[in-house]
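Q: I'd like a close look at one single part of this model. Could you walk me through it in plain words?

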Amino acid sequence: MTLLRNLEKLPNMIKIKNFFNLRNSNNVIKFTDRIFVIIFLVLLVIPVFKINMSDKSMDENRYLAKFPLLYNEERKFNSRIGSDFNDWLSDRFFLRYELIKLNRLYSCVPNINYCLWNKDVFDKKNNVLGTYRFFGLTDFDKKKKYDIKKPAENIQKLNDWCKQNNIKLYILIVPRQSDFIIYNIPNRLYKTSEDIGEKIVKYAKEHTDANIIYPYEEMKEANKTTPVFFKTDHHWTQTGAYVGYKALVQEIKKDFPDINIVDISEYNKSTNKMVKIYYKSPFNYGSMLRNSGLPNWYQKRIMDTNYIYYSTPKFDNLNILNKSDLPDFNENFDCIYKYDKGANKKVLLIGNSYTGNLMEFLPFSFKEVLSLSDNYRKLYFNKYEKLVQSYKPDIMIINIHTVNMVIFNNLYKKVKGEE
Amino acid sequence: MLFSSITFIFVFLPILLALCFLTKQKYHNIILLLASILFYAFGEPKYVLIMLSIILISYIGTLLIDKFRSFKKPLLILTIISNLSFLIYFKYFNFIVENFNSLNIFHIDLIKIVMPIGISFYTFQALSYVLDVYKEEVKVQKNLYKLALYICLFPQLVAGPIIKYHDIADQIDSREIDFDKVNIGVKRFIIGLSKKMLIANTLGLVADKIFAQSPDTLPHLITWLGAFSYTFQLYFDFSGYSDMAIGLGLIFGFKFMENFNYPYISKSITEFWRRWHISLSTWFKNYVYIPLGGNKGSKLSTIRNLGFVFLLTGIWHGAAWTFIVWGIWHGAFIIIEKLVNIKEIDEKYTKIWQLILRHIYCILIFTIGWVIFRSETLNYAVNYIANMFFILPVNESDVVYDIGYYVDVYEIIMFVSAILCSMPLFKNILDGKTLYKNICVNIWLLLLFVLSTSAIAMNTYNPFIYFRF
């Protein structure tokens, strides 16, 4: 009570009437209410206590919003300054990731079998994550009409161009992860109708003379014993990549019999529960698990599958030229692989992130492989024409995912600034 | 700016609280006015001019009405038309033009119009003041900044409650920040935030998934799931926002009227409208229904007045036929209940089974109404409702998703919470009569605040599968 009396004598800084007045039959209750209000006020300032000043978020794979300027580059008043400020603060406030993980936890833990967030799914029983993009339908709105003829026409056009330039074209298409992994989610929970990408593949195979390799059955067979896709990442495992590689090179061998298919038994095997999609990248929890927002300790719990990783001493004999070695080569340049013991053929490979695990095997079949890494959402061949003509490969491989087949719609789209 | 944004909760609010808690009472009005203008300008700087124009028109109009009482009616009409013209242009212009064009008399091009947020609310607040001055229920406010404070006070600016000037006039001049109000205000704010972020947003996702699909691909029970999900989403979103507004008002010394009084326990649509969006229904009652004659005239005039009020209610909610039909739907049942003398029914049929039947009737009516309200088109609404009542045939092969796609344990927990919180079970939870109850409630509220903040944080999470560097 003495303390309370002393508190009342403090200078009347706080202009809240009766804030210090506890003289009442319920003074203990009033005291607890004051503690409550003080804690609330403290909670209000904690998130701005420390601002994340990094440019990038590795958890989200993107740049964080920048602090807004009052005037834009054209010296015009930035009318969006309020919402830009909100974006900036929303990306950077203190304890942001901890709160995100907390939300994921309490919205996920009560569920018995599945957690659905945005359009991703977490199969709790089997510790599998999936993202709608790789399930097929929802990336292709039911109401939208997708043209399956145009991609095939463009593939044919590309094939004809390759023939004119004495290049053999092969298109390696990676099937949907959901056909291999999320088989335990009941029908009509997440999978929907046939993937439009598959429709394009089918149509293109029937109506073009391009070499289209779609190793669906081979991967299904291999999946019976070893996972061909990661459970927490949308990429194929090295096993899956090997199956794809083998199907691809078998097709190439029909035209180039001297090409060898590397024997998997020559590789050293190891296992790891973590995900690796490229020899250059470190082991991690997987893209979908990283994106899930689940706490790290929970992510660890989910990693329950041993994936096979292959390594070969032959890798030391590979001469690899990276971007740093040829900085001005091409904006999409990834690597040039040179292998003396490979078949005397030059290969130009245009791929995306699925090419990563493929490169454990592909470079050992050829003398030289030039790997270009393009955007998974668009492929404009116009920007590669000159490079291909100057490089003069014997073989050109395009490696994409079935979900990306629609990019062939715009294969010959004229892009600003490019010839 | 939204109440459920990081900027509002962790920047705007603490700064404003510090300014008001540490300065003398005489500065509070100007602080709140500037804060309210900043609050509105934060998201839409150019549309502040519209709000300020409405304030200025109301100020000048009422001064003229007060000065030239013999011309007060034409001045009133001019002021109302001037104020409403903004609302009509921004909210209804394209709707009117689209419907006019469909008559194929001649064609008018649509204009790309962005509706300023909250325009329906602050326009009605301004009209409330103008009409109160006209009816001489309040003295004209000669102080422009006090009038501006009334119209654009940020707690109720964008989503109500619609405060009538005569309810708040005294508070502008004489109020004080009192700890008891701050305490209750903070608690109301947290309750409102939790309603919105935890219950409304969760059930909203369920409703969105269902309403995103064609009705003929939904199993019948799923349509009911969608209807009830939306029913709860709307209530908890709207009442949550009202709770936050009322809580914030209390923190700064204002006592606003309650906007919701457990509408989903109603046993008639008449009762429903005494409990739902009370500020809007009383606004229409005071400024439209009663001036038209209310129920003082013949039965026919009462029906006409009720019909007109509910037509306007539908129109107020949005520029689409679904909102208008929703208004007419409720109006029709209000009229029917009037004709069958609902007061007598309330007094006569009070056995448990009768109460349950009346309650089920009311639930059916407002739920179907919400389906109309939610639907993109009337055609969708008709098909959806037909599906609910097993009239629309659904081929098993057309059904895309099972129930597991829509709900799991977490959504069920939210559903149960929604049902419980729709009833006045926790009505007196903030009375703090016992120490044990007080401590438990305080801890629970702080936990809810953290959980709500985590939900807000989740909304900011935007990962990419591939690097966007």
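Which residues in α5(A) are buried?

A: Sure. First, some ground rules: this is a predicted model, where local features need pLDDT of at least 70, side-chain atom pairs count only at pLDDT 80 or more, and totals for chains, interfaces and linings use all residues. Residues are numbered from 1 along each chain as its sequence is written, chains are lettered from A and ligands numbered from 1 in the order in which they are written, and side-chain values use heavy atoms, with hydrogens and water left out.

Now for the helix. In α5(A), the buried residues are P151(A), A152(A), N154(A), I155(A), Q156(A), L158(A), N159(A), W161(A) and C162(A). Buried here means under 20% relative accessible area, exposed means over 50%, and partly exposed is in between, using a 1.4 Å probe and protein chains only. The helix label comes from DSSP runs (H or I, at least four residues; strands are E, at least two), numbered from the N terminus.

How does its length work out? Helix α5 of chain A covers residues 149–164, and its 16 residues should span 22 Å at 1.5 Å a residue; the end C-alpha atoms are 23 Å apart, which agrees. The expected span is 1.5 Å times one less than the number of residues. It also helps to know that an α-helix has 3.6 residues a turn, so residues three or four places apart point the same way.

What sits over those buried residues? The cover includes β6 (168–174), α6 (196–207), α12 (382–391) and β14 (395–401), which belong to chain A. Just after α5(A), N166(A) takes a positive phi of about 55°.

Elsewhere in chain A, you can look at some charged pairs. R96(A) and D91(A) meet through their side chains in a salt bridge, 3.8 Å from N to O; that term means a side-chain nitrogen of Lys or Arg within 4 Å of a carboxyl oxygen of Asp or Glu. Both R96(A) and D91(A) are buried, and a network of salt bridges links them with E60(A) and R62(A).

Compare K224(A) and E221(A), whose side chains form a salt bridge at 3.1 Å, N to O. K224(A) counts as exposed because its relative accessibility is 63%, while E221(A), at 49%, counts as partly exposed.

Finally, chain A also meets chain B: the rule finds one salt bridge across their interface, and the side chains of D33(A) and K187(B) meet in a salt bridge at 2.8 Å, N to O.

Definitions and conventions:
Contact means heavy atoms within 4.5 Å.
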